[in-house]
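Let's take a walk through this one, from the overall picture down to a few individual side chains. Keep the viewer open and follow along.

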Amino acid sequence: MLLGSVLNPVNSTVIAVALVPIGKALGAPASQTAWLVSALYLATSLGQPVMGRLIDLFGPRRLFLLSTGLVGVAGVVGALAPGLGVLIGARVLLGFGTCAGYPAAMALVRSEAERTGRDSPGGVLTALAVANQTVAVVGPLLGGLLIAVGGWRATFALNVPLAVAAVLLGLLRLPRSEPAAGDRARHGSLVASLDLPGMGLFAATLVSLLLFLMNPHLRDWYLLALSAAAATGFAARESRAATPFIDLRVLGGNTPLLATYGRALVAYVVSYAFLYGFTQWTEEGFGLTPFHAGLAQTPMFLLAIGVSIVSGRSRGVRGKLLLGALGQIAACLVILTLSGDSPLWTLLLVALVFGVPQGLNNLALQNSVYFQADPQRTASSAGLLRTFAYVGSMVASSATAASFGRHADTVGLHRLAWVMLGAGVLYLLLTLFDRSLGRAAGTDGRAAA
């Protein structure tokens, strides 16, 4: 569960310090290498809820093995890529390949809770969040080490041994949950419940929206129009479908879950704008090597782990969300004071402050979804959480590219910091005015936490 779920964050973060070396090696400006970030999130934001729904229907084992095997293939393609176009294609494969890990883990946690009668496996959820946060914040440092040893291609080759290990562990340990032999009628009913038209309309809505967010401009207004038309068709389809891909009737009545998705979107705007924008600036605007740029984020890595472990003992989420929001705002304010002549300790201070929200937000959002979602749709709800997070990351990627242009200079960093600050304030407001948040998760699986 842990290894499969971290394949996505490791590929999300390890690329942060590789963008500048890749751009130099392939002659691509920051506005083009930003596609390496956008491509993965475009694929993953689409694939997560789809894969989650498939896992809800067919169980995690087979889908996990197929999807994770694709990660290894993508690692080989990326390591051997002759140009930026093939490299972007490898990132798309990685996006689809890493889609099954997190929904599968959440589905397994839910099924084990039902089997044992323990509806709140706080320790397991904390371990899952800590593993993802550990990889997310250590990714830049790991990327810097890999680049120092084997160049930027090593950040793609890393996926080969990780995928092999995940597939082998999956074969050995994941429980089988396939239809009984000869039960073709049941299997056929499951296939019919996939709602392929709904998935297609959802894909059209998301792809057109994210393509616009990658490079927002009035000349691309047709993408927004296409997204709105597909969204209208999707809503009409899901309201009539017997077994909808995303049950909008249930989701629309679950205000706490919708609020959690909204918080995830704006939280990840801040988180990933920092991860990619700040890291690029430390290399181009401040003059650090990829290794030292990753090393400068070590305080965030250490503090985030400690905060996750300590806060994981508490089942309440409201305090975690508020403190995480304040931490993001404080870090953005410090970034606005930075320049190319700032002392190194100010960079370490920013990383240290960001460690607080990094350790709190993901854990609180994950636990919220676990308790707020329909137990029969745990995997797809978890996948949808990631989709909203990746829409936020796409906004962050677009804001980073627009702020920096061809070079990650200090002026661009400050422009990006204002965007991050606005998102951080919105995150705080969404938490302050959400009356569904309580002090504890409660014992009911549908509690609002």
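Of the 449 residues in the protein, 59% are buried. What is left facing outward adds up to an exposed area of about 17,400 Å², with carbon and sulfur atoms supplying 69% of that. As for secondary structure, you get 20 helices and zero strands. If you take the contacts with a separation of 6 or more, 84% of them are between residues 24 or more positions apart.

Bear in mind that this is a predicted model. How confident is the predictor? The average pLDDT is 81, and 88% of the residues score at least 70. Helix α8 (residues 154–157) has the highest confidence, at 93, while helix α10 (residues 184–192) has the lowest, at a mean of 51. Two stretches stay under 50 in pLDDT. Over residues 179–187 the model has four contacts beyond four places in sequence, whereas residues 439–449 have 39 such contacts despite their pLDDT under 50. Where pLDDT is low, don't read the predicted coordinates in detail.

Now for charges. Side chains of opposite charge can pair when their charged atoms come close. How many salt bridges does the structure hold? Just one: Arg 263 pairs with Asp 434, and their closest N and O atoms are 2.9 Å apart. Arg 263 sits in helix α14 (residues 255–284) and Asp 434 in the segment after α20 (410–432), so this pair ties together parts that are 171 residues apart in sequence. Are the two partners buried or exposed? Arg 263 counts as buried because its relative accessibility is 1%, and Asp 434 is buried too, with a relative accessible area of 10%.

Next, jump to helix α1 (residues 2–13) and look for Asn 8. With a relative accessible area of 1%, Asn 8 is buried. Which residues does Asn 8 touch, leaving aside those up to four places away in sequence? You'll find Leu 40, Thr 44, Thr 98, Arg 386 and Tyr 390. With Thr 98 there is also a polar contact between the side chains, at 2.8 Å.

Finally, come out to the surface. Val 164, Leu 168, Leu 171 and Leu 172 form a nonpolar patch there, and together they have about 400 Å² of accessible area. Val 164 belongs to helix α9 (residues 159–173). Its relative accessibility is 47%, so Val 164 counts as partly exposed.

How values were computed
Residues are numbered from 1 along each chain as its sequence is written. This is a predicted model: local features need pLDDT of at least 70, side-chain atom pairs count only at pLDDT 80 or more; totals for chains, interfaces and linings use all residues. Side-chain values use heavy atoms; hydrogens and water are left out. Patches are made of residues with over 30% relative accessible area and no salt bridge: like charges are joined within 9 Å, nonpolar side chains (Val, Leu, Ile, Met, Phe, Trp, Tyr) within 5 Å. Accessible areas come from the Shrake-Rupley method with a 1.4 Å probe; for residues, only the protein chains shown count as cover. A salt bridge is a side-chain nitrogen of Lys or Arg within 4 Å of a carboxyl oxygen of Asp or Glu. Helices (H or I, at least four residues) and strands (E, at least two) are DSSP runs, numbered from the N terminus. Buried means under 20% relative accessible area, exposed over 50%, partly exposed in between (1.4 Å probe, protein chains only). A polar contact is a pair of N or O atoms within 3.5 Å; within protein, one must be able to donate a hydrogen and the other to accept it, and residues adjacent in sequence count only if both atoms are side-chain atoms. Contact means heavy atoms within 4.5 Å. pLDDT is the predictor's confidence in each residue, from 0 to 100.
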